[in-house]
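This briefing introduces a single protein chain to a reader who has not met it before. Please keep the sequence and the structure in view while reading.

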Amino acid sequence: MKSKLSFVIPAKNEAENLVLLYQEILDVLKKTKNEFEIIFIDDGSTDDTWNVITKLHQEDARVTGIKHRGNFGKAIALTNGFSKAKGDIVFTLDADLQDNPKEIPNFLSGFEEGYDLVIGWKRRRYDSWDKVISSRLFNWTVSLTTGTKFHDINCGFKAYKKDVIKNINFGELFRLIPILAAKQNYKIKEIPVDHRPRKFGKSKFGFERSIQGGLDLITVIFLTRFARRPAQFFGSLGLLCGFVGSLIGAYITYLRITTGGIDYHYPLLFLGVLLMIVGVQFISTGLLAEMTLSLNSQKQSMDTIQDNLT
């Protein structure tokens, strides 16, 4: 029995692309003969996007839509789309026609091989030079800091088993879902995909996307390495700050003893005191985080017990 497929497609001001994208998906699935649904999420469009989605739904009940009151971002759009998806396998792709639906059978082959998540790799990209450079730099940084070997973590063309979506709380970290999945030992495959130039509309890429991606990476590193050991993270920072502050304090004390004064070293003295205070705060934060985590773990353990024979 073939798996039912769900396509979750966020769209903002993509009215000219949606009908073509729908038709391309339909043409591919006529060959694979999978049951499917297409879920468009209108994320605050100011053009005719919602009317196009509505018309497609009227013509084909397998097409459904979600309309946001404003532009809430791709993370919210994906979350709402995932919550509505009923398929065994959930695809995500962009609405700008740069992701080519002809790659769908290649994704499905990955699941037949036993993988839980298949992600696209835009080996040859048709984007502006600044977007290409920032994306490659981001991918290199992700691989270096997380120990993974993905070439294009930010590619929007992905396919998930429904189980992966249910078990990963990604929040705003949709770009890095493969990292979170890898840390939970899901089997992941990366495949090269055809990437096409944009025909209609304008790219939604901006400099703020690079900043958000960097912040997301820091969050993922913390969650995957220190979520269960917050004291190790905060404690290490606290000890480092305290050590440097103590060295500065020892140096100031040495000057005071040997010369009788510290002359123009008052800024250094203030820095040393500040670092020691910050160090104590970091260590205290780590201990409080550990206490909170321990209490929550005990409560969750008790909540999982249905019956107990003694």
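The points below move from the chain as a whole to its aromatic rings, its surface and its backbone.

The model is predicted. Its chain has 310 residues, of which 44% are buried, and it holds 10 helices and 7 strands.

**The chain as a whole**

- Among contacts between residues at least 6 apart in sequence, 78% join residues that are at least 24 apart.
- The chain exposes an area of about 17,700 Å². Carbon and sulfur atoms account for 58% of that area.

**Aromatic pairs**

- A search of the whole structure gives 6 aromatic pairs.
- One pair consists of Phe82 and Tyr160, whose ring centres are 5.8 Å apart. The planes of these two rings meet at 70°, and an angle over 60 degrees counts as edge-to-face, so the pair of Phe82 and Tyr160 is edge-to-face.
- Phe82 belongs to helix H3 (residues 74–84) and Tyr160 to strand E6 (residues 158–161). With their positions 78 residues apart in sequence, the pair links distant parts of the chain.
- Both Phe82 and Tyr160 are buried.
- A further pair is made by Phe234 and Phe282, with ring centres 6.5 Å apart. Their planes lie at 25°, which is under the 30 degrees that bounds stacked pairs, so this pair is stacked.
- Phe234 sits in helix H9 (residues 230–259), whereas Phe282 sits in helix H10 (residues 266–303). The two residues are 48 apart in sequence, and this pair also links distant parts of the chain.
- Phe234 has a relative accessible area of 18% and is therefore buried, because buried means under 20%. Phe282, at 26%, is partly exposed.

**An aromatic cluster and charges over rings**

- Four phenylalanines, Phe7, Phe91, Phe107 and Phe157, form one aromatic cluster.
- Arg123 lies over the face of Trp121, at a distance of 4.4 Å from the ring centre.
- Lys187 lies over the face of Tyr115, at 5.3 Å from the centre of that ring.

**A nonpolar surface patch**

- Leu240, Phe243, Val244 and Leu247 form a nonpolar patch on the surface. Together these residues have about 380 Å² of accessible area.
- Leu247, one of the patch residues, is part of helix H9. Its relative accessibility is 48%, so Leu247 counts as partly exposed.

**Positive phi angles outside glycine**

- Asn13 is not a glycine, yet its phi is positive, at about 55°. Asn13 is located in the loop between strand E1 (5–11) and helix H1 (15–32).
- Asn13 has a relative accessibility of 24% and thus counts as partly exposed.
- Leu97, likewise a residue other than glycine, has a positive phi near 70°. Leu97 occurs in the loop between strand E4 (89–92) and helix H4 (104–112).
- The relative accessibility of Leu97 is 7%, so Leu97 counts as buried.

Conventions: Residues are numbered from 1 along each chain as its sequence is written. This is a predicted model: local features need pLDDT of at least 70, side-chain atom pairs count only at pLDDT 80 or more; totals for chains, interfaces and linings use all residues. Side-chain values use heavy atoms; hydrogens and water are left out. Helices (H or I, at least four residues) and strands (E, at least two) are DSSP runs, numbered from the N terminus. Buried means under 20% relative accessible area, exposed over 50%, partly exposed in between (1.4 Å probe, protein chains only). Contact means heavy atoms within 4.5 Å. Accessible areas come from the Shrake-Rupley method with a 1.4 Å probe; for residues, only the protein chains shown count as cover. A charge sits over a ring if NZ of Lys or CZ of Arg is within 6 Å of the ring centre and within 35 degrees of the ring normal. Patches are made of residues with over 30% relative accessible area and no salt bridge: like charges are joined within 9 Å, nonpolar side chains (Val, Leu, Ile, Met, Phe, Trp, Tyr) within 5 Å. A salt bridge is a side-chain nitrogen of Lys or Arg within 4 Å of a carboxyl oxygen of Asp or Glu.
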